[in-house]
2 protein chains.
Amino acid sequence: MAALELYVRQGFEKTTVEEIAQSVGLTERTFFRHFADKREVLFDGQDMLQQAFLDGVRAAPPSASPLEMVTAALAVAAESFADERRPWSRQRHAVITANPGLLERELLKRASLAAVVAGALRARGVAERAAVLAAETGVTVFSVAFSQWIAEDEQRSLAEVEREVLEELKALAA
Amino acid sequence: MAALELYVRQGFEKTTVEEIAQSVGLTERTFFRHFADKREVLFDGQDMLQQAFLDGVRAAPPSASPLEMVTAALAVAAESFADERRPWSRQRHAVITANPGLLERELLKRASLAAVVAGALRARGVAERAAVLAAETGVTVFSVAFSQWIAEDEQRSLAEVEREVLEELKALAA
DNA sequence: ATAGTGATGACAGTGGCTGACATCATGCGT
DNA sequence: ACGCATGATGTCAGCCACTGTCATCACTAT
């Protein structure tokens, strides 16, 4: 996305929507037909991530516990993040964490992801509150692992980091 | 806060800042000197909540595990929510969940609360990532418990609901 | 060729938010 | 009592995100 480049170069706030639009030869008005607002540009892949989580939950064996279903979802979600994407993810993450407004949006996306996952768990027979807790926990593990994956230089896969974080969480709750 | 009343009556988006200001005999400009933006009005008590969490963590016995420190924090935080506040909390909660923008802000507050709690845990010797996970978990438990407490008619205290949710979470992770 | 459809442009308007400067009240030292 | 500093408020101008409305234009099906 061309917008990310501008956000990186001059900062999110100092970038006007008109600039973004013109940088791709369009009008400000047209920008708002494609994106709900100035922030939304950075969250385009959201549907894919959500879909991955859903696929993971649905693919889990029938005997799986809620946390195991979530674990399966984490594994599938990690597949979307090949190592080549790391630099791009890093840049995007830097922009987002540098701006409270963008951080808000990120958190909203996380929350809606968790809500959707909770729905999938419920559809597989998990009780309401257990579903919410498991989903919320899974999304937390994901985002903690993701942050760390981004920060690392080594060639560990996101899936590996996820497993590590999940183990640490289990140890904490014990 | 008079703003809440307006938000309840006519909705958040249909309420202009000028209206809010005039309803208390002030100017729009003055409103923005007291609150960073239109949403912030609803999150005034945030500092107190945060303080309660911090007090809880610090009051936990030296031998406490990270999760036990968080449990202590939850207990202290619950004290701030006497039963009389329930109707008000309910109203506020309804307004917030009805508006994505307000929900975003709420999530941001939660995140910053979690960050602060993680800091307090670190100050008590908990390793970085464990601190983050424990804090995040604690805030999740709080908000799940809070939602349920608000929804209930019965006279259960928030602390009771918190304990129940925490137990369920531990069972999930087992 | 024509009519319908979807994407874009053009334009005006609302409202959140900010910077700059003026005004005013309050309290304090002399 | 006077003058003065300080902090809160009012006023005004302006930016920009975002929206509604209507016109335009390319493309497609019939």
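This report describes the domains, the chain symmetry and one helix pair of a predicted model.

## Basis

Local features require pLDDT of at least 70, side-chain atom pairs count only at pLDDT 80 or more, and totals for chains, interfaces and linings use all residues. Residues are numbered from 1 along each chain as its sequence is written, while chains are lettered from A and ligands numbered from 1 in the order in which they are written.

## Domains of chain A

Chain A is assigned domain 1 (1–42) and domain 2 (45–173), with bounds from an automatic or database domain assignment. The centres of the two domains, taken over C-alpha atoms, are 27 Å apart. Their contact (C-beta atoms, placed from the backbone, within 7 Å) takes seven residues from domain 1 of chain A and eight residues from domain 2 of chain A.

## Relation of the chains

Chain B is superposed on chain A by a rotation of 180 degrees with 0.0 Å of shift along the axis, at an RMSD of 0.0 Å; the fit is by least squares on C-alpha atoms of residues with pLDDT of at least 70 in both copies. This is the relation of a two-fold axis. Within chain B, Glu104(B) comes closest to the rotation axis, its C-alpha lying at 2.6 Å. Both copies use the same surface, as 100% of the contact residues of chain B recur in chain A.

## Helices H1(A) and H6(A)

Helices are DSSP runs (H or I, at least four residues), numbered from the N terminus. The contact between H1(A) and H6(A) is made by Leu4(A), Tyr7(A) and Val8(A) of H1(A) with Gln91(A), Arg92(A) and Val95(A) of H6(A).

Key. Two residues are in contact if their C-beta atoms, placed from the backbone, lie within 7 Å. Helices (H or I, at least four residues) and strands (E, at least two) are DSSP runs, numbered from the N terminus.
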